[in-house]
Amino acid sequence: MNTILDNYHSPFLGQLKNRIVMSAMTRGFASEKHLCTHDILEYYERRAKDGIGLIITEGIIIHPSADGYNRVPHLYTNEQAKEWKKVTDAVHNHNTKIFAQLWHCGRISHSDFTNGETIVSSTNKPAEGINRQNNKPFGTPRALKTDEIPMIYDMFMNSADKAFDAGFDGVEIHMGHGYLIDQFLDSRINDRNDKYGGSIENRCRIALELTEQLLKKFGPNKILLRLSPSRMMGGLYEWPELDDMINYLFSELEKLGLRLIDISCANADYHQTSGKSIRKIRKLWKHTIIGGASLSVASANSEIRDGYLDLVTWGRAILANPDFVTKLKELKPLQTMTDEMRTILY
Ligand SMILES: Cc1cc2nc3c(=O)[nH]c(=O)nc-3n(C[C@H](O)[C@H](O)[C@H](O)COP(=O)(O)O)c2cc1C
């Protein structure tokens, strides 16, 4: 029986030394110019050295108009790629793979973060609540016009190009947690009446067209999608028409040739959220499924044993324990993440 400490091989991911994945975590430690810094390099290198199988970076912004956070890294220029190359080299030295998470925030933003440009979404309606990044209400977005959607694909394609120049093994497209692509998938937000809104087929179109372009150019071993059908978002939250959405979207992604998915639940309880979705998705998806959220080692191993997960993510536990893998191997207790830990990179 395989456990999280056993290696993993797939034609698409190649060989991983174990099934432990560091999940994407925004830290806000990029330079003023949104470049990756030496501190960020050391932060990832420490975890690679400790033996994580696969690192997925913090969300990396694909274009200046896609930002929504303070001091997050960007990746659309050669200068930005050059700094990230130092990180991928350092991580590869320890035989760990690393994917860049590519991110467009959509309406979870404010023009404070987009050089004054109006933020965009599937809708003209702003997100509810206060943006903790600037303590203001979320900005009012402009619904993307139908003929502007290909521009979004170009942004992701360009950023992916730079990611591969920077030596990443693959890219994870952030399609979850209420950000731009999810703003199209979710019928409570998407109020369009063009071919990108209305029916399930229409709401999924942006995700499918984008995936198709990425697969065509970069191939199925390079493209991972993060989706969150059921998650924490001011309480437990699920896509409306959950079962029909899952059936349609994952069958179509499979047909396109996608082979790598990461099903997340933000900071919710796995078994109440993504664990349940994964049980439905697994019936349609024979390929790699990455998932998890603060699972105990026993639960992680049983998700692998029962065939629901291939690789298991941990976020906060790896943030709080740079020696996470060593501690698991030596059966040592883990530190719990504190608020103070958010403010430092170690
Ligand atoms: C500080 C922090 C930052 C996060 N940033 C991101 C992010 O940039 N992209 C993303 O997809 N998820 C992000 N997440 C969610 C994590 O990837 C993960 O799904 C979540 O923390 C649940 O896993 P855990 O219980 O093992 O921490 C973040 C979580 C934390 C705690």
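Visitor: What makes the pair formed by an oxygen atom of the ligand and the side chain of Ser-23 a polar contact?

Guide: The oxygen atom of the ligand is 3.1 Å from an N or O atom in the side chain of Ser-23. A polar contact is a pair of N or O atoms within 3.5 Å (within protein, one must be able to donate a hydrogen and the other to accept it, and residues adjacent in sequence count only if both atoms are side-chain atoms), so the pair at 3.1 Å qualifies. This is a predicted model, in which local features need pLDDT of at least 70, side-chain atom pairs count only at pLDDT 80 or more, and totals for chains, interfaces and linings use all residues. Residues are numbered from 1 along each chain as its sequence is written, and side-chain values use heavy atoms, with hydrogens and water left out.

Visitor: How far is an oxygen atom of the ligand from the side chain of Ser-294?

Guide: An N or O atom of that Ser-294 side chain lies 2.5 Å from the oxygen atom. The protein buries 92% of the 610 Å² that the ligand exposes when taken alone; such areas come from the Shrake-Rupley method with a 1.4 Å probe, and for residues only the protein chains shown count as cover.

Visitor: How do you know that strand S5 and strand S10 pair?

Guide: There are 4 bridges between S5 (residues 97–103) and S10 (residues 170–174), which run parallel. Pairing requires that DSSP find at least two bridges, so the two strands (DSSP runs of E, at least two residues, numbered from the N terminus) pair. In S10, Gly-170 stands opposite Phe-99.
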